[in-house]
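Open your viewer and get ready to click along. We will go from one selection to the next and say what is there.

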Amino acid sequence: MEYKRILLKLSGEALMGERQYGIDPKRLAEYANEIKEVVDRGIEVAVVIGGGNIFRGLSGAATGMDRVQGDHMGMLATVINGLALQSALEQKGVQTRLQSAIKINEVAEPFIRRRAMRHLEKGRVVIFGGGTGNPYFTTDSAAVLRAIEIEADVILKGTRVDGIYTSDPEKDKNATKFDTISFNDVLRKGLKVMDTTAFTLSQENELPIVVFDMNKKGNLMRIISGENIGTVVNL
Ligand code: UDP
C-alpha cells in the first residue's frame with residue numbers, strides 16, 4: 001500500500017449527486033462503500049467534508065448577509081454533512097467518530113488531536129466537521145490543517161474530475177491532464193487545485209495532494225494501492 005494514513009477531502013457539492021441542493025442518499029452510500037473498502041484493508045482514514053451543498057458564507061454575503069454569520073452557517077452545514085456520512089458509514093458497520101471544530105457537544109466530540117489520532121489507530125474513521133472553526137477559511141484549509149496535525153501521509157481530494165488539467169476539461173476539449181505536478185508549477189501556471197491559503201499551507205508543510213475522481217467505483221482503493229489515476233502534487 002502506498003499510504004497508511006490518509007485524509008480524504010470531500011466537497012459538500014459532491015454529496016448532492018444529481019440534485020441541486022442537499023444530500024443524495026445514493027451518492028452518500030457510494031462514498032461510504034469506497035471508504036469502507038480501504039478501512040477494511042487497514043488504512044487509517046480521516047475525512048474532512050465541505051458544506052457547499054447546503055450553505056456558503058460567500059454566497060450569503062453576496063445577498064447582503066453578514067459574512068461571519070454566513071460562515072458560521074457554512075461551518076454548521078459541514079457538521080450536518082459529517083453526521084450524514086457518519087450515519088452512512090455506521091450502517092455499513094464502519095466505526096466512526098465525528099469531531100467538530102466548533103463546540104456542539106451533544107452532537108459531536110470536540111476536535112482533540114491526540115484523541116483523533118487514537119481513534120485512527122483503533123481503525124475508526126474520524127470525520128472532521130466545522131471546518132477550521134474560523135470564518136474566512138474553507139474546508140480545503142481545514143483538510144490541510146488536520147492532515148498536517150494528524151500526520152497523514154497525503155491529502156486525497158476527491159472531485160468529479162480525474163485530476164488537474166492544463167485548463168478546465170469541462171470547458172476546453174484540448175485540455176490535457178498532469179500525472180504529477182509540482183506546487184510551484186501549479187502556482188506559476190495559475191491552476192486551481194485548492195484556494196491559495198490551503199494550497200500554500202500544504203506546500204510549506206510538504207504534504208502531497210492527490211486530486212482524483214471520487215465518483216468512479218474503486219478509485220479510492222486504486223489510489224491507495226499506488227495507481228496513478230489522478231494528479232499528484234508534490235514538491
Ligand atoms: N467555512 C468557514 N470556515 C472554515 C470552513 C468552512 O467559515 O474553516 C464556511 C464557509 O462559509 C464555507 C462553508 O463553510 O463557504 C462551506 O465550506 P466550503 O465552501 O469549503 O465547502 P465545499 O466547497 O468543500 O463544499
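The tour below starts with the sheet, moves outward to the annotated residues and ends at the ligand.

**Before you click.** This is a predicted model, in which local features need pLDDT of at least 70, side-chain atom pairs count only at pLDDT 80 or more, and totals for chains, interfaces and linings use all residues. Residues are numbered from 1 along each chain as its sequence is written.

**Stop 1: the annotated domain.** Select residues 4–213, which an unreviewed UniProt entry labels "domain: Aspartate/glutamate/uridylate kinase". UniProt positions follow the numbering used here, feature names are shortened, and annotations may be inferred rather than shown by experiment. The span is 39% helix and 18% strand, and its end C-alpha atoms lie 20 Å apart. Helices (H or I, at least four residues) and strands (E, at least two) are DSSP runs, numbered from the N terminus.

**Stop 2: the sheet.** Now colour the strands. You should find an open sheet of 9 strands with mixed pairing, in the order β4-β3-β5-β2-β1-β6-β8-β9-β7. Its edge strands, β4 (109–110) and β7 (180–182), each pair on one side only. Two strands count as paired if DSSP finds at least two bridges between them.

**Stop 3: strand β2.** Select residues 44–49. Of the 6 residues of β2, 6 are buried, meaning that 20 or more other C-beta atoms lie within 10 Å of a residue's own (exposed is 12 or fewer, partly exposed is in between, and C-beta atoms are placed from the backbone). Which way do the residues of β2 point? E44, A46 and V48 point one way, and V45, V47 and I49 the other. In a regular strand the side chains alternate between the two faces of the sheet.

Next, show the neighbours of β2. Strand β1 (residues 5–10) runs parallel to β2 and is joined to it by 6 bridges; look for I6 opposite V45. Strand β5 (residues 125–129) also pairs with β2 in the parallel sense, over 3 bridges, with V126 opposite A46. Add helix α1 (residues 25–39) to see β1, α1 and β2 make a right-handed β-α-β unit. Right-handed means that, with the strands pointing away from you, the path from the first strand over the helix to the second runs clockwise.

**Stop 4: strands β6 and β8.** Select residues 154–159 for β6, which runs parallel to β8 and is joined to it by 5 bridges. The bridge partner of G158 in β8 is F212. Then click I209, in β8 (residues 209–213). I209 is buried because 29 other C-beta atoms lie within 10 Å. I209 and V154 are 55 residues apart in sequence, yet 6.0 Å apart C-alpha to C-alpha.

**Stop 5: annotated binding residues.** Select K9, L10, S11, G12, G52, R56, T159, Y165 and D168, marked "binding site" in the unreviewed UniProt entry. They spread over 160 residues of sequence and up to 25.7 Å between C-alpha atoms. Zoom in on S11, in the loop between β1 and α1. S11 counts as buried because it has 22 C-beta neighbours inside 10 Å.

**Stop 6: the ligand.** Show the 25 residues around the ligand; the closest are G50, G52, G57, G74 and G131. The elements giving two or more residues to this shell are α2 (57–62), α3 (67–91) and α5 (139–149). A residue belongs here if its C-beta atom, placed from the backbone, lies within 6 Å of the molecule. α3 gives the most, with 6 residues.
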